[in-house]
Amino acid sequence: MIVLVANEKGGVGKTSVAVNLAALAASDGVRTLLLDTDPNGSTTGWLATRGEVTPPPAEIFTLMLTTNAARMVADQAGHYELVIVDAGAAAWDTLLSVSRQADLVVVPVTPGQFEVDSTNRVFDSLRAMDVKHIRGKVPAYALLNQIPTNAKSKEESELRGFLANDCGIPVLTTVLRNRKAWRECSKAGLGIHEMPASQADAKSAAEIRALYVELAAIAAADAQLTQE
Ligand SMILES: Nc1ncnc2c1ncn2[C@@H]1O[C@H](COP(=O)(O)OP(=O)(O)OP(=O)(O)O)[C@@H](O)[C@H]1O
Ligand SMILES: [Mg+2]
C-alpha cells in the first residue's frame, strides 16, 4: 500500500504524520518503507536520530532517493507492505506523479487562511490527476492538524465545514490536536506511541492510532470496491 503525505504549504505536519504512521505500522510488525522526497530532509533527520536510539525501536526501512521518486515508489511497492512518502512543495512533481499510484493521499492542514488556500490548490491539482489514477480518482483526504485542545474552540468545525462544504474536499474524521508530544517525538526520532513514560501522551497516541485505523479502513473498502 502506498500512502502519500503531501501539501504545498510548509509546517502543516506532513513529516510528523508520515513518521508517526510509519512508526506505528512498524511497531505493528508491518514491513514499512519511508521515503523523504522533501529536500529539507526532516524525515531523513528523524530516521537518523531513530537509528541511534537504545534499545532500537521497530525498524523502518529507507532508501537513498533517486531523482525519479515515482519510479522508485513503483519499484519498491512490491517489496514492502507499506510505503509512506513525505512530499512537500519543493517536491511538487513528485507529489503529482506519486499521487497517480497512491492508495491514499493524506493532506494535513492547520487552521489559517494561507494553509486553506494551499490545500485548495493541492486538491485542484489532485483532481486534475484523477484521469491518470488507476481507479479514476485520486483517493485524497484532508487531515485537520494542530487543532486547539480547548473544547470551546470553533476552529475544528469552521475548518471542517469550509473544506468539506465550500471546497468539496473529503475530510478525515480523525483530528490531530495541538500538543507538545508532536514536537517531542520529532526531536527523539520516535513515534508518539514509543515515547518513554516520562514524556508519554496518551491523547496524542490515541489520535495517531485513530488516524491509522481510519486510513486502513478506507484502504480496505477501496480495495474491496476494486475487486468487485
Ligand atoms: N499536532 C501537532 N501539535 C503540535 N505540534 C505539531 C503538531 N503537528 C506538527 N507539529 C509541529 O509543527 C512543526 C511542523 O511540523 P512538520 O515538520 O511535521 O510539518 P511539515 O509540513 O513537514 O513542514 P515542512 O514543510 O517544513 O517540511 C514541527 O515542529 C512539529 O513538531
Ligand atoms: Mg516536512
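**View 1. Pro55 sits in the loop that runs between H2 and H3.** Before you zoom in, keep in mind that this is a predicted model. What is the form of the peptide bond from Thr54 to Pro55? That bond is cis, and its omega is near -10°. Now look for Thr66, which also has its place in the loop between H2 and H3. Is Thr66 buried or exposed? Thr66 counts as exposed, because just 9 C-beta neighbours fall inside 10 Å. If you go from Thr66 to Thr110, you move 44 residues in sequence and 30 Å in space, C-alpha to C-alpha.

**View 2. Helices H3 and H4 pack against each other.** Two packed helices are described by the angle between their axes and by the distance between those axes. Here, H3 covers residues 69–76 and H4 covers residues 92–99. Their angle is about 35°, and the axes are 8 Å apart. As for handedness, H3 passes H4 in a right-handed crossing. Which residues make the contact? On the H3 side they are Ala69, Ala70 and Val73, while H4 brings in Thr94, Ser97 and Val98. Sort the contact of H3 with H4 by class and you get four nonpolar residues, two polar ones and no charged ones.

**View 3. A shell of residues surrounds ligand 1.** How many residues surround ligand 1? There are 19 of them, and the closest are Gly10, Lys14, Thr15, Ser16 and Trp182. Three elements give two or more residues to this shell: helix H1 (14–27), strand S5 (140–147) and helix H7 (180–188). What about the classes in the shell around ligand 1? By class, 12 residues are polar, four are charged and three are nonpolar.

**View 4. Here we look at Val17 in helix H1.** Why does Val17 count as buried? Val17 has 23 C-beta neighbours inside 10 Å, so it counts as buried. Skip the neighbours within four places in sequence, and Val17 is in contact with Val5, Val106, Pro108 and Leu143. Remember Pro55 from the opening view? Val17 and Pro55 are 38 residues apart along the chain, and their C-alpha atoms are separated by 23 Å.

**View 5. Thr43 is a threonine of helix H2 (residues 42–50).** Thr43 counts as buried because it has 27 C-beta neighbours inside 10 Å. What does Thr43 touch, once residues up to four places away in sequence are left out? The list is Thr15, Ala18, Val19, Leu34, Asp36 and Asp86. Thr15 is also one of the residues closest to ligand 1. For a sense of distance, try Leu211: it lies 168 residues from Thr43 along the chain, yet the two C-alpha atoms are separated by 19 Å.

**View 6. The largest nonpolar core holds 63 residues.** In soluble globular proteins, nonpolar side chains tend to be buried together. Which members of this core touch the most other members? They are Val3, Leu4, Ala22, Ile84 and Val105. H1 supplies the largest share of the core, with nine residues. Zoom in on Leu4 and, ignoring residues up to four places away in sequence, you'll find that it touches Val85, Ala87, Val98, Ser99, Ala102 and Val105. Val98 should ring a bell, as this residue of H4 also takes part in the contact with H3.

**View 7. Gln146 in strand S5 has an unusual-looking entry for its phi.** Gln146 is not a glycine, although its phi is positive, at about 55°. Is Gln146 buried or exposed? Gln146 is buried, because 21 other C-beta atoms lie within 10 Å.

**View 8. Ser125 has its place in helix H5 (residues 113–128).** Ser125 is neither buried nor exposed but partly exposed, because it has 17 other C-beta atoms within 10 Å. Gln113 is 12 residues away from Ser125 along the chain, and the C-alpha atoms of the two are separated by 19 Å.

Methods
Residues numbered from 1 in each chain as written. Chains lettered and ligands numbered in written order. Predicted model: local features only at pLDDT ≥ 70, side-chain atom pairs only at ≥ 80, totals over all residues. Axes fitted to C-alpha atoms, helices over the stretch in contact; angles between N-to-C directions. Helix = DSSP H or I, 4+ residues; strand = E, 2+ residues; numbered from the N terminus. Left-handed = near helix turned anticlockwise from the far one by under 90°. Contact = placed C-beta atoms within 7 Å. Nonpolar A, V, L, I, M, F, W, Y, C, P; charged D, E, K, R; others polar. Near = placed C-beta within 6 Å. Core = buried A, V, L, I, M, F, W, Y, C linked by C-beta atoms within 7 Å. Buried ≥ 20, exposed ≤ 12 C-beta atoms within 10 Å, placed from the backbone.
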